[in-house]
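This report describes the fold, the ligand site, the aromatic contacts and the unusual backbone geometry of one protein. The sequence and the structure come first.

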Amino acid sequence: MLIRRPDDVRSSEITPYRVYMNRRHFIGRSAKAAAAAALVPGLLSACDEPQRMEARPVPEPGVGSAGLTSIPQERDWESVRSELDESLTPYSDVTGYNNFYEFGTGKEDPARYAHTLVTRPWTVEVDGEVARPAVYDLDDLLAPHTEEDRIYRLRCVEAWSMVIPWTGIPLADLIRRLEPTSKARFVEFTTLMDPEQMPGQRRRVLDWPYVEGLRLDEALNPLTLLATGVYGADLPNQNGAPLRLVVPWKYGFKSIKSIVKIRFTEEMPATSWAVSAPREYGFYANVNPEVDHPRWSQARERRLGEFRRRPTLPFNGYGEQVADLYAGLDLRRWF
Ligand SMILES: Nc1nc2c(c(=O)[nH]1)N[C@H]1C(S)=C(S)[C@@H](COP(=O)(O)O)O[C@H]1N2
Ligand SMILES: [Mo]
């Protein structure tokens with residue numbers, strides 16, 4: 001993992017490109033922020049072993065295609081790579097091999113069809129056990145915050161994985177500003193519900209809208225990110241524009257996309273996958289190589305772009321930062 005806070009990164013490394021990419025969103029953000037710059041349960045399943053990726057026409061950076069912004073040319077990604085002990089997954093895979101069932105269940109469907117999603121203007125409703133409930137314009141909601149770069153592994157429950165450079169704000173920063181009440185114990189997130197923009201919602205592969213949730217202390221963990229960008233550019237629609245969650249120690253389905261609602265609750269939220277296939281997907285969904293999915297092993301994973309499978313790490317390799325959250329919890333029972 002690599003976390004780079006604005007203070008440890010020369011601002012010239014981040015700022016110019018973010019400001020450039022965000023120029024259309026620039027007005028409305030504070031000067032500070034700107035300067036800082038199947039799963040159908042059962043058979044038809046995104047959770048089946050992924051097929052080998054085939055050669056396909058994936059839009060490459062800079063070529064331009066529906067829903068894609070070009071990736072930064074200014075950014076020295078080679079030097080970012082050299083700071084890691086593993087390679088970044090290529091942009092074409094990060095943005096061309098996706099799970100986003102609102103646009104279809106095929107891995108290439110989101111890149112092909114998500115251009116129908118309109119990501120501005122965009123509002124986020126905040127409600128429940130919180131001192132500042134309101135419907136916020138996304139740019140206003142983000143304006144007081146400083147974006148950070150985070151390079152995280154993403155481990156899908158289907159046993160493939162990537163290494164992705166995100167940009168976003170720590171969820172904890174937003175939560176603190178919204179001031180949950182003393183009753184709040186969980187945070188629930190909801191994706192946009194609009195079959196016109198999200199044609200996959202016309203098929204009942206899930207009980208739409210997609211809902212995910214975290215315990216409040218998980219949401220406040222410094223690793224938990226609300227992402228607005230990938231590879232230094234705005235999130236492409238297929239990656240969950242304009243705002244998606246990233247919880248790197250949990251299976252990818254927890255990292256809900258295109259969020260329109262954040263609700264603070266006393267009770268554990270009823271999350272989409274846990275509701276539709278409770279034997280297969282739990283609320284916690286911490287990456288755990290020792291607890292197999294009922295239909296396949298979780299011991300190993302296929303890193304996109306690699307040939308051999310590699311071992312899956314407990315908590316996806318982030319145990320040092322998060323294992324304490326689960327002291328006393330039976331991780332076999334609460335999968
Ligand atoms: N709204 C919504 N969010 C979602 C999904 C989805 O189908 N709908 N798929 C999840 C799954 S299973 C994974 S692995 C990740 C994939 O994120 P990526 O496509 O950006 O790699 O998004 C998660 N978030
Ligand atoms: Mo996933």
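In what follows, a residue is called buried if its relative accessible area is under 20% and exposed if the value is over 50%, with partly exposed in between. The model is predicted.

## Overall architecture

The protein has eleven helices and 13 strands. Of its 335 residues, 59% are buried. The exposed surface of the protein amounts to about 14,300 Å², of which carbon and sulfur atoms supply 52%.

## Aromatic pairs

Y97 and W160 are both buried. Their ring centres are 5.2 Å apart and the ring planes meet at 85 degrees; because edge-to-face pairs are those with planes over 60 degrees apart, this pair is classed as edge-to-face. The contact joins distant parts of the chain, with the two positions 63 residues apart: Y97 belongs to the loop between α5 (91-94) and α6 (109-113), and W160 to strand β5 (residues 160-170).

A further edge-to-face pair is formed by W273 and Y281, with 5.5 Å from centre to centre and 65 degrees between the planes. W273 and Y281 are buried. The count of aromatic pairs in the protein comes to twelve.

## Ring cluster and charges over rings

Ring pairs also connect F186, F283, Y284, F315, Y326 and W334 into a cluster. One of these rings, that of F283, has the charged end of K254 sitting over it, 4.2 Å from the ring centre. A second charge lies over an aromatic face at Y318, where R153 is 4.7 Å from the ring centre.

## Ligand site

Around ligand 1 there are 16 residues, and those that come nearest are N98, Y101, E102, S255 and K257. By class, this shell contains seven nonpolar, six polar and three charged residues.

Polar contacts to ligand 1 involve both side-chain and backbone atoms of the protein. A polar side-chain atom of N98 is placed 2.8 Å from an oxygen atom of ligand 1, and an N or O atom in the side chain of N239 lies 3.0 Å from an oxygen atom of the ligand. At S255 the contact comes from the backbone, with an N or O atom 2.9 Å from a nitrogen atom of ligand 1. On its own, ligand 1 has 540 Å² of accessible area, and the protein covers 99% of this.

## Unusual backbone geometry

Most peptide bonds are trans, and most residues other than glycine have a negative phi. Departures from both patterns are described here.

Two cis peptide bonds precede prolines. The bond from W208 to P209 is cis, with omega near -5 degrees, and P209 lies in the loop between β6 (186-191) and β7 (211-215). The bond from A241 to P242 is likewise cis, with omega near 0 degrees; P242 is located in the loop between β9 (233-234) and β10 (244-246).

Positive phi values occur at F315, near 50 degrees, and at N316, near 55 degrees. F315 is in the loop between β13 (310-311) and α11 (319-322), and N316 is also in the loop between β13 and α11. Since buried means under 20%, F315 counts as buried at 11% relative accessibility, and N316 counts as buried at 2%. F315 is, in addition, a member of the ring cluster described above.

How values were computed: Residues numbered from 1 in each chain as written. Chains lettered and ligands numbered in written order. Predicted model: local features only at pLDDT ≥ 70, side-chain atom pairs only at ≥ 80, totals over all residues. Heavy atoms only, no water. Helix = DSSP H or I, 4+ residues; strand = E, 2+ residues; numbered from the N terminus. Buried < 20%, exposed > 50% of the residue type's maximum accessible area, 1.4 Å probe, protein only. Areas by Shrake-Rupley, 256 points an atom, 1.4 Å probe, with all protein chains shown as cover. Near = heavy atom within 4 Å. Polar contact = N/O pair within 3.5 Å; in protein donor to acceptor, adjacent residues only side chain to side chain. Nonpolar A, V, L, I, M, F, W, Y, C, P; charged D, E, K, R; others polar. Phe/Tyr/Trp six-rings, centres within 6.5 Å; stacked < 30°, edge-to-face > 60°. Lys NZ or Arg CZ within 6 Å of the ring centre and 35° of its normal.
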